[in-house]
Amino acid sequence: MLIDFHTHIFPDAIAPKAIRTLSQNAGGARFFYDGTRKGLLQFMRKKGVDIAVVLGIATNPDQQRPVNDFAASLNGGKLIAFGSVHPDAPDALSEIDRICDLGLPGIKLHPDYQQFYGDDKKMTPIYEKIARKELIVVFHCGVDIGLYPPVHMTPARLSNALKPLEGSTVVAAHYGGYMMWEQAIESLCGKDIYLDTAYAAGRIPPNLASAVIRAHGADRILFGSDLPWSHAGKEAALIQTLGLSKCDLDKIFYLNAKRLLKI
């Protein structure tokens, strides 16, 4: 079984423009499918992915409700969609309640796109509400190649932010911090959080990927691709070169995700 914990879908009407714009902003980054629900399901079949977690982001306060309504429309079958809240939305806390009412098991936050520092005190009420609702929260962590510095969620900032999140399941994307993997080992590995493997193959040195996994433990690593910007075949191939046992590979590729998603 293979569960991809980090994918993205856009509404059909805006998918072509969204994909082109994001690619251009990232210096012409390659994309592997068209960004639609149908396209994702087709690509999953091609790469042998059984279930995909779909992560949306409310990039401004007005996007909260439509982003979460769209996520709810995707949820079911082979897709498990997460919602999002924007920290500057006056109804961010009540929207977390609505995310639960919509049946969405988690929330994606991207501090760079949403313009907040991960350990900013203004986030405490949001983090505490996420924790009370026992939601999964996935953070983009590290550099985003489509955006200018500063990095709003370094591994150290996420470590600082963990106390108000106690009770939730925290996932730090990109091996704990894209292009900040040594800091991830220092600041996050060994803590009671999960790391996903998204968008790393061909970028993270294999010895460093191995060091992150061994320092953190395979019990708390989630396979992810970041499709459409990478894909499951590419990311899985990296992991399979790291000399991990079959037991650890099974945990990373599907068992950990099954436990968190209760499937």
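**Strand pairing, crossovers and internal space in the predicted model**

In this predicted model, strand β6, helix α8 (residues 181–187) and strand β7 form a β-α-β unit of right-handed sense. Within this unit, β6 and β7 (residues 194–196) are paired in parallel through two bridges. At one of the positions concerned, Ala172 has Leu195 of β7 as its bridge partner.

On the N-terminal side of this unit, β6 is joined to strand β5. The two strands, β5 at residues 136–139 and β6 at residues 169–172, run parallel and are held in register by four bridges. Val137 is bridged to Val170 of β6. Between β5 and β6 the chain passes through helix α7 (residues 155–160), and this β-α-β crossover is likewise described as right-handed. In general, the strands of a sheet pair through backbone hydrogen bonds, in either a parallel or an antiparallel arrangement.

Another set of strands is formed by β1, β2 and β3. These three strands make an open sheet in the order β1-β2-β3, and their pairing is parallel. The edge positions are taken by β1 and β3, each of which has a single partner strand, so one side of each has no neighbour in the sheet. On average, neighbouring strands of this sheet are turned by 20° against each other when direction is ignored. The pairing of β1 with β2, in the parallel sense, extends over three bridges. Ile3 is bridged to Ile51 of β2.

Elements of this sheet also contribute to the largest pocket, which holds about 900 Å³ of space. The pocket is lined by 39 residues, of which His8, Phe10, Leu22, Ile57 and Tyr113 are the closest to its centre. Two or more lining residues come from each of α1, β2 (51–55), α3 (64–74) and β3 (79–82). Sorted by class, the lining of the largest pocket consists of 24 nonpolar, 12 polar and three charged residues.

Enclosed space was examined as well. A search of the whole structure returned one cavity of 30 Å³ or more. The largest cavity contains about 40 Å³ of space. Its lining is made up of Asp4, Thr7, Leu40, Phe43, Met44, Lys47, Val49, Ala52, Leu227, His231 and Ala232. The elements giving two or more residues to this lining are β1 (3–7) and α2 (37–47). Helix α2 supplies the largest share, four residues. By class, seven of the residues lining the largest cavity are nonpolar, two are polar and two are charged.

Helix α1, which contributes to the lining of the largest pocket, spans residues 15–25 and contains Arg20. Arg20 has a relative accessible area of 46% and is classed as partly exposed, because this value lies between the 20% limit for buried residues and the 50% limit for exposed ones. Arg20 and Thr169 are 149 residues apart along the chain, and their C-alpha atoms are separated by 33 Å. Thr169 falls within the residue range of β6 (residues 169–172), the strand that takes part in the right-handed unit with α8 and β7.

Notes. Residues numbered from 1 in each chain as written. Predicted model: local features only at pLDDT ≥ 70, side-chain atom pairs only at ≥ 80, totals over all residues. Heavy atoms only, no water. Pairing = 2+ DSSP bridges. Right-handed = clockwise from strand over helix to strand, strands pointing away. 1 Å grid on protein atoms, 1.4 Å probe; cavity = no way out; pocket = protein on both sides within 12 Å on 5 of 7 lines; lining within 4 Å. Points joined across faces, edges and corners; volume = space filled by probe spheres on them. Nonpolar A, V, L, I, M, F, W, Y, C, P; charged D, E, K, R; others polar. Buried < 20%, exposed > 50% of the residue type's maximum accessible area, 1.4 Å probe, protein only. Axes fitted to C-alpha atoms, helices over the stretch in contact; angles between N-to-C directions.
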